[in-house]
Amino acid sequence: IAQILLKGFQEYQYFPLRLCKTFVVSCLFGESAVSEQMLMESFMQHVSEDERKVIQKCSNGELEPDDENLIELLSTFDCKRAVTESTILKTVTKLAHQELIQRLQYVTECWRPILTAFTRSFPTVESLICLFSQLIPTTSKVVSAIDCQLTYDGVGDALKYLKRYVK
């Protein structure tokens, strides 16, 4: 899979956005290059919407340690640690690390030798994050990518309506 990923990028500038940023950064630059903010952003995309709401409440200090939703979240990820108000956020961060870095460690180690070729294109973590942000489709990017030759009168009107629909 790593070879396909590398070939796709080298030949066609294709890079899958669905890959977790934390995973890609740890493959290219090692676990130490992953910031806590990136880890939590990736974890928020990894969990379900209900779990995301619980985590947001934890970070805002709105949940008690004995909250039923928090206990369910912790048990989902096999957390056996008792939490207090002061350790809730730290525990959730450790769960994110466990899910997104430790659990994928074998795959990371297998992919790392192959993906080192990416470091020529992305020498820093910031350059890789910049790629992720550039690849996220927006309406203006999609509209600017529409290329059409006006071969007859109706095409111009159809193009105008298509662009309005996309916007």
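Let's start with helix H3. What covers its buried residues? The cover includes helix H2 (21-29), helix H4 (49-60), helix H6 (88-102) and helix H9 (125-135). Keep in mind that this is a predicted model.

Which residues of H3 are buried? H3 spans residues 36-46, and its buried residues are Met 38, Leu 39, Met 40, Ser 42, Phe 43 and Met 44. A general point helps here. An α-helix has 3.6 residues a turn, so residues three or four places apart point the same way.

Stay with Phe 43 for a moment, because we will meet its ring again among the aromatic pairs.

On to those pairs. How many aromatic pairs does the structure hold? Eight. Take Phe 15 and Phe 118. Their ring centres are 5.8 Å apart and their planes sit at 85°. Planes over 60 degrees apart count as edge-to-face, so that is what this pair is. The two partners come from distant parts of the chain. Phe 15 is in the loop between H1 and H2, while Phe 118 is in helix H8, residues 118-121. That puts them 103 residues apart.

Are these two rings buried or exposed? Phe 15 has a relative accessibility of 7%, so it counts as buried. Phe 118 has a relative accessible area of 2%, and is buried too.

Now back to Phe 43. Its ring pairs with Phe 77, with 5.4 Å from centre to centre. The planes are 55° apart, and the pair is tilted. Again, distant parts of the chain are linked. Phe 43 belongs to helix H3, and Phe 77 to the loop between H5 and H6, 34 residues away. Both Phe 43 and Phe 77 are buried.

There is also a cluster. Which residues make it up? Ring pairs join Phe 9, Phe 15, Phe 118, Phe 122 and Phe 132.

One more ring, this time with a charge. Lys 160 lies over the face of Tyr 161, 5.5 Å from the ring centre.

Last topic: backbone angles in two loops. Gln 13 has a phi near 55°, a positive value in a residue that is not glycine. Where does Gln 13 lie? In the loop between helix H1 (2-12) and H2. Its relative accessible area is 53%, so Gln 13 is exposed.

Asp 78 also has a positive phi, about 55°, and is not a glycine. Asp 78 is found in the loop between helix H5 (68-76) and H6. With a relative accessible area of 53%, Asp 78 is exposed.

That's it from me.

How values were computed. Residues are numbered from 1 along each chain as its sequence is written. This is a predicted model: local features need pLDDT of at least 70, side-chain atom pairs count only at pLDDT 80 or more; totals for chains, interfaces and linings use all residues. Side-chain values use heavy atoms; hydrogens and water are left out. Buried means under 20% relative accessible area, exposed over 50%, partly exposed in between (1.4 Å probe, protein chains only). Helices (H or I, at least four residues) and strands (E, at least two) are DSSP runs, numbered from the N terminus. Contact means heavy atoms within 4.5 Å. Rings of Phe, Tyr and Trp (its six-membered ring) pair if their centres lie within 6.5 Å; planes under 30 degrees apart count as stacked, over 60 as edge-to-face and the rest as tilted. A charge sits over a ring if NZ of Lys or CZ of Arg is within 6 Å of the ring centre and within 35 degrees of the ring normal.
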